[in-house]
Amino acid sequence: MASGEGAEKQRGDRYSVLLPTYNERDNLPLIVWLLVRYFDESGFDYEIIVIDDGSPDGTLEVAKQLEQIYGSDKILLRPRAKKLGLGTAYIHGIQHATGNFIFIMDADLSHHPKFIPEFIKKQKEGNYDVVSGTRYRGDGGVFGWDLRRKLISRGANFVTQVLLRPGASDLTGSFRLYRKEALQKLVEKCVSKGYVFQMEMIVRARQLDYSIGEVPITFVDRVYGESKLGGNEIVSFLKGLLHLFATT
């Protein structure tokens, strides 16, 4: 645990973690335990907002148990009746967030909370509006993907770099730290759905002259459950990329 001196040093900023979930009952207890561990050890003020979209596997029931274990001041449940999309999940979460900084990340354990202190350190070093996790710089990488997934990710990132020149190395990742007001403005401006949404967030951030820092991360493929990336998402990505190219 952080010392009293360490906790005092971190006082002032509050970090809200938005965790959109759909069928993550097996992963949610692990990701929440890890989040609590790394935040508590680092001495940062935080809250974890679980936004469940009517998961049929009982994710919300698990979240209610976690709320009892860790307390309603740390675990906030803000469920919705059905699956409404990632962008609207963020908008919903922002409305309930009390932090001046907001983390977005996946609840499937592909994003390890051990990187959170590095995100916060990077933000403070450069006073960045956005700090994005990158798999394609420094010690970043991917584990557990087959060749198809690697080719899709690399190919999507390469084509995006060529067409849009966004000034960031990893456009499709979804482990990021935002100033709250920056995230609010970005989700209002973004029109994309699905896989292309995270890419548009970075492109719009550059348009609005937000400063962007990067932290190398290791992405690990989900242990429990099924990936939500399919053929439809790939087609939607290509359509969204062409739309951004034509409009930015």
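**Exercise 1. Determine how far strand 5 is covered, and which strands it pairs with.**

Solution. Strand 5 is mostly covered, since five of its five residues are buried; this and everything below refers to a predicted model. Taking the side chains by direction, V130, S132 and T134 point one way from strand 5, while V131 and G133 point the other way, and all are buried. The next step is to look at the neighbouring strands: with strand 7 the pairing is antiparallel and runs over three bridges, and here S132 stands opposite R176. With strand 8 the pairing is parallel and runs over five bridges, and within it V131 has G213 as its bridge partner.

**Exercise 2. Explain why the buried residues of helix 5 lie on the same side of the helix, and find what they pack against.**

Solution. Begin with the residues themselves: in helix 5, which spans residues 116-126, the buried positions are I116, F119, I120 and Q123. These residues cover an arc of only 95° around the axis, which means that they lie on the same side of helix 5. The spacing fits a general rule, namely that an α-helix has 3.6 residues a turn, so residues three or four places apart point the same way. On the other side of helix 5, K121 and E125 are exposed. The partners of the buried residues are then read off from the contacts: they pack against strand 1 (14-21), helix 2 (28-42), strand 4 (101-104), strand 5 (130-134), strand 7 (176-179) and strand 8 (212-216). After helix 5 comes N127, which has a positive phi, near 50°.

**Exercise 3. Describe the largest nonpolar core and identify the element that supplies the largest share of it.**

Solution. The largest nonpolar core holds 34 residues, of which L19, V32, L35, F39, I48, F103 and F119 touch the most other members. At least two residues each are supplied by strand 1, helix 2, strand 2 (45-52), helix 3 (59-70), strand 3 (75-77), strand 4 and helix 5, and the largest share, eight residues, comes from helix 2. Apart from this core lies another, of 29 residues, among them I51, I94, I102 and A168. For a single member of the largest core, consider L19: leaving aside residues up to four places away in sequence, L19 touches, among others, V32, L35, I48 and M105.

**Exercise 4. Establish whether L186 is buried or exposed, and which residues it touches.**

Solution. L186 is found in helix 7, residues 180-189, and is buried, with a relative accessible area of 0%. Not counting residues up to four places away in sequence, L186 touches Y178, M201, R204, A205, L208 and Y210. One of these, R204, is 18 residues from L186 along the chain, and their C-alpha atoms are separated by 6.6 Å.

**Exercise 5. Characterise the chain as a whole, and decide where its coordinates call for caution.**

Solution. The protein chain has nine helices and nine strands, and 53% of its 248 residues count as buried. Among contacts with a separation of 6 or more, 80% join residues 24 or more positions apart. The accessible surface comes to about 11,700 Å², and 52% of this belongs to carbon and sulfur atoms. As to confidence, the chain averages a pLDDT of 85, and 82% of the residues score at least 70; over residues 1-10, however, pLDDT stays under 50, and the model has 12 contacts beyond four places in sequence for them. Where pLDDT is low, the predicted coordinates should not be read in detail.

Technical notes: Residues numbered from 1 in each chain as written. Heavy atoms only, no water. Buried < 20%, exposed > 50% of the residue type's maximum accessible area, 1.4 Å probe, protein only. Helix = DSSP H or I, 4+ residues; strand = E, 2+ residues; numbered from the N terminus. Arc of directions from axis to C-beta. Contact = heavy atoms within 4.5 Å. pLDDT = per-residue confidence, 0-100. Pairing = 2+ DSSP bridges. Core = buried A, V, L, I, M, F, W, Y, C linked by side-chain atoms within 4.5 Å. Areas by Shrake-Rupley, 256 points an atom, 1.4 Å probe, with all protein chains shown as cover.
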